[in-house]
Amino acid sequence: MSELVPGGNVPLPGGILTIRVPGPFDVSALITDDTGKVRGDADFVFFNQPTAPGAGLDGQALTVDPAGLRAGASRLTVAVSPATPGTPLGNLPAPTMRVTGADGRLIARFTPARPQRETVLLLAELYRRGPGWKLRALGQGYADGLAGVARDFGVDVIEEAPPPAPREGRGGPRDQPPPARTVPTDPDGCLRLINSTRASAGSPPISLDHRLTAAARAHAAAMAAQGRLASEGADGLSVHQQVTARGYAYLTIGEHLVSGPRTPAEFVEYCLSDERARQTLHEPAYSEAGLAYVTGRRSGTLFWTALWAQPFSRSGLARTAAEVIALTNAERTAAGLPPLSPDAPLTDAAQAHSADMVARDFYAHTSPDGREPWHRAAAAGSTRRSIGENIACGQRSAAEVVRGWMNSPGHRANILKPTFTRIGIGFAGGGAAGTYWTQLFGG
């Protein structure tokens, strides 16, 4: 497997290739000849036009058969954009492209430099070289959406007058007006029962979110197909990756994966029967939910997935980071040490590392490209002479993550190191564990 950098290339095997970019992204492709221009709109594969000769888009998976591309095609360029149109890519986890061959073997992976205001990124291009094909990593950004990319590649774009009110949908040249968003309903009265028990515990009501509901339904179906409770489906996608794949970003998340209850009342009763499950059901921070159940074909057992979340916001992320710092400084004060001051470069490096762990699906101090904490700090502009890092995954709150660090001798030593004076906090939701935390210290 090749870990590519911008401009790097790798030869491709014959047969069908699959290109994926996990996370809250839409994938698209442009098919061109040696001039770098498309022949027409049919050479643009995107959400509203998912097929072309030799290329097909199914959700986030782009399949390409270079030998099957239309006559004269010598290049296919892969682009990525936010699933929610207009969102700057800098507000999302760093996109990571994975290319696998017909045998399922991972051929190449590429994570570009973290974008900022761009709303579309050209990730890579497949190009003909002699009798074979190669893959080249790009990383070129556009701030004017898919329309800007399309113009550069020769696609005719019809400019339409802006609608009188914003409408949700996925962007693209020649978009038809998007269909009205489906609002999740509660035909079984499950939400009513849940909000009733939340009210008895003094917690605010929750509302259903269509993305969480879709993720819950997909995961419940995956468990029903396997005939067992599991945090991952047969495809390896965790329940949290099902959430982020649908464009839902969160600050904290909880889930109930349950089999057996035959009615919503029995499901709620189960959630109240265990202390930890009850705490999740009553957690005041959660404001949105997704609920679904699917019947197993062989057993007839009902498999339930309930997702509870607090949606992501910049202000919420800042509050979470501030809470981690306050709890960390409380531990230092109790040990007779001076508090740590927030540091912007350390914060940028910590946030980028948490997002990177989600995007590239790893959990380590050393990045897949070999970078260590001090490399990332320096790249973010830090001039601190000494650097320390704590990471954690799976914790659902600032209190839980700081408590975990303090219960670990190595992490505790970093928090209570006298020579450290500055701190930065990073957090990202998604991946296999659901949450990824980074605490970066400088002295």
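**Contacts and their cut-offs**

Reader: Why is Asp369 called partly exposed?
Author: Its relative accessible area is 42%, and the label covers what falls between buried (under 20%) and exposed (over 50%), worked out with a 1.4 Å probe on protein chains only. So 42% lands in the partly exposed class. Bear in mind that this is a predicted model, where local features need pLDDT of at least 70 and side-chain atom pairs count only at pLDDT 80 or more, while totals for chains, interfaces and linings use all residues. Residues are numbered from 1 along each chain as its sequence is written, and side-chain values use heavy atoms, with hydrogens and water left out.

Reader: What makes Asp369 and Arg371 a salt bridge?
Author: The closest N and O atoms are 3.4 Å apart, and the rule asks for a side-chain nitrogen of Lys or Arg within 4 Å of a carboxyl oxygen of Asp or Glu. The pair therefore passes. Shared partners then join Glu3, Arg109, Asp356, Arg360, Asp369 and Arg371 into one network.

Reader: How many salt bridges turn up in the whole structure?
Author: The search finds 15. One of them joins Glu125 and Arg75, with the closest N and O atoms 3.1 Å apart. Glu125 belongs to strand E12 (residues 120-129) and Arg75 to strand E9 (residues 75-82), so this bridge ties together parts 50 residues apart in sequence. Those labels are DSSP runs numbered from the N terminus: helices (H or I) take at least four residues, strands (E) at least two.

Reader: Why do Glu125 and Arg75 get unlike exposure labels?
Author: Glu125 comes out at 10%, so it is buried. Arg75 has 24%, which means partly exposed.

Reader: How do you know that Phe267 and Trp304 are stacked?
Author: Rings of Phe, Tyr and Trp (its six-membered ring) pair if their centres lie within 6.5 Å; planes under 30 degrees apart are stacked, over 60 edge-to-face, and the rest tilted. The structure has 6 aromatic pairs. In this one the centres are 4.8 Å apart and the planes at 10 degrees, so it is stacked. It links helix H5 (residues 264-273), home of Phe267, with strand E17 (residues 302-311), home of Trp304, 37 residues apart. Tyr293 joins Phe267 and Trp304 in a cluster of ring pairs.

Reader: Are Phe267 and Trp304 buried or exposed?
Author: Buried: Phe267 is at 1%, and Trp304 at 3%.
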